[in-house]
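Reader: I am in my first year and would like to look closely at a single part of this structure, rather than skim over the whole. Could you take one strand and walk me through its surroundings?

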Amino acid sequence: MQRIRSLKAGWQLLKSSCGGAAKQVNTSASTSRDYSHVPPRGPGSFGLLFDIDGVLVRGRTLIPEAKQCFRNLVDRDGKYKVSPDQVVLSHSPLRMFTQFHKMRVLVSGQGPIVEVAHNLGFQDVVTIDMLREAYALLDVVDHARRPKDGIPSTKGLPPIDAVILFGEPIRWETNLQLIVDVLHTNGRPGDAWSTMRYPHIPVLACNMDLLWMAEAKNPRFGHGMFLVCLESLYKKATGYDLKYEALIGKPSVVTYNYAELLVSQQAERLGWTTPVKRLYAIGDNPMSDIYGANLYNHYLQASQRTKAQMKAEGGAGGVDGPEMTTAELGGGSVVLGAGEDLPEGCSSILVCTGVYSRDQQEVPSQHAVGERRVFHGHRDFRFDPGLTQPSFVVEDVKEAVELVFQQEGWPLE
């Protein structure tokens, strides 16, 4: 949801750099050159998952190597065009949370959030601005926005059933105040606060990145920082922890699972007859991109072990994941794909053009568990230093794609 304008700008730059036929600019893309006559190294096929910020673009500026890279991901004639359903944003997996689609939801973020919510399946949407208009006395931090002609009447709204946090808003103080009001009052912000109303109504949050990389030399605050503020305020005011019904976006497993499903669908449309067996996730942030890819790889490995065990025992059933928290899986109510439909593994590739830079830091070591480390991941995710260790470290996305093609035994022109 966040940084949609820079995403669109990067999209147009990539399309123009590839003759209008860029393949994929976010987190899911299977390779698209017409290599049907060249068998891959092993059975099956592979897919690429791209991060955007720090990998393909920095703010509105296209990373030069991305232009060269995407020339390797389209065929000679530019046959395959980019389609919107190939792009996975942090909120895209919310399509799977159908049990909330008929609820009245409060949405927070910026950009066309009402349109986005409707496109995801939510039917009854309330914005922060709608709350401000209905309850004019709630937003008073900015003196210039306070009511000036007496006390206005309260219009009121029907109770809110759930809160959807798409991305970082513009006026943090307004959003923080009104979201806390909604949680304190069980969706009725005109009522008095009550700490007895706990647990609060469901909260679903997208995009947990604490930091992201734009044109500035140093990372910028992301939605993960807004979540830290919201959690701290709620805890300070009530003494209770804010609880999430779902945490969506990297590094949650459900996000990578959703991207993999789109990759598989894309492969089918391209006429590939073998399932996608291997995934390569390219990112610039060890604490989200790499951590998430490795976490998903652990899930895939666990599913393979479960499938093998059940086959040996002659049984049938679902997949038992590894020891993960509900938050790490993305949400307890989401059912992931069946074991036989999942890839064999997911490799993580760290580039040095974004949050991570060789000039500023070393690659996190899995042997440095005892050292003092700052964890930029979400509060509800465990810190496993080993999961920040990438499978490969390369300079940029062009080198990353070349590495993947070399690993898979596919030629690059």
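Author: What follows is a walk around strand β8 and the sheet to which it belongs. Please keep in mind throughout that this is a predicted model.

A few figures for the chain will set the scene. The chain has 413 residues, and buried residues make up 54% of them, while its secondary structure comes to 10 helices and 14 strands. If we take the contacts between residues at least 6 apart in sequence, we find that 76% of them join residues at least 24 apart.

Now to the strand itself. Strand β8 covers residues 203-206, and its side chains point in two directions, with V203 and A205 on one side and L204 and C206 on the other. This is the pattern to expect, because in a regular strand the side chains alternate between the two faces of the sheet. Which of these four residues are buried? V203, L204, A205 and C206 all are, whichever way they point.

Next come the neighbours of the strand. Strands of a sheet pair through backbone hydrogen bonds, either parallel or antiparallel. With strand β7, residues 162-165, β8 pairs in the parallel sense over three bridges, and within that pairing A205 of β8 is the bridge partner of L165. With strand β11, residues 246-248, β8 again pairs in the parallel sense over three bridges, and here A205 stands opposite L247. A205 is thus a good residue to find in the picture, with L165 as a bridge partner and L247 opposite it in β11.

Stepping back, we can place these strands in their sheet, which is an open one of five strands in the order β6-β5-β7-β8-β11, with parallel pairing. The edges are taken by β6, residues 124-127, and by β11, and each of them has a single partner strand, so one side of each is left without a neighbour in the sheet. On average, neighbouring strands of this sheet are turned by 20° against each other, if direction is ignored.

At the β6 end of the sheet, strand β5, residues 104-108, pairs with β6 in the parallel sense over four bridges. L106 has V126 as its bridge partner in β6, and R104 stands opposite D124 of β6. Between these two strands the chain passes from β5 through helix α3, residues 113-120, to β6, and this β-α-β crossover is right-handed. Returning to our strand, we meet a right-handed β-α-β unit there too, made by β7, helix α5 (residues 172-184) and β8.

The helix of that unit, α5, leads us on to a helix-to-helix contact. Its axis and that of helix α6, residues 223-238, come within 10 Å and cross at roughly 45°. How should such an angle be described? Angles under 35 degrees count as roughly parallel and those from 65 to 115 as roughly perpendicular, and α5 and α6 are therefore oblique to each other. The crossing in which α5 passes α6 is right-handed. Among the residues that make the contact are W172, L176, I179 and L183 of α5, together with F226, L230, L233 and Y234 of α6.

Last come the loops around β8 and its partner β11. In the loop between α5 and β8 we find N186, whose phi is near 60°, a positive value in a residue other than glycine. In the loop between β8 and β9, residues 211-212, lies N207, which likewise is not a glycine and has a positive phi, of about 65°. Is each of these two residues buried or partly exposed? N186 is partly exposed, with a relative accessible area of 32%, whereas N207, at 3% relative accessibility, counts as buried, because the cut-off for buried is under 20%. Beyond the edge strand β11, in the loop between β11 and α7 (253-269), there is P251, and a cis peptide bond with omega of about 10° joins K250 to P251.

Technical notes
Residues numbered from 1 in each chain as written. Predicted model: local features only at pLDDT ≥ 70, side-chain atom pairs only at ≥ 80, totals over all residues. Heavy atoms only, no water. Buried < 20%, exposed > 50% of the residue type's maximum accessible area, 1.4 Å probe, protein only. Pairing = 2+ DSSP bridges. Right-handed = clockwise from strand over helix to strand, strands pointing away. Axes fitted to C-alpha atoms, helices over the stretch in contact; angles between N-to-C directions. Parallel < 35°, antiparallel > 145°, perpendicular 65-115°, else oblique. Left-handed = near helix turned anticlockwise from the far one by under 90°. Contact = heavy atoms within 4.5 Å.
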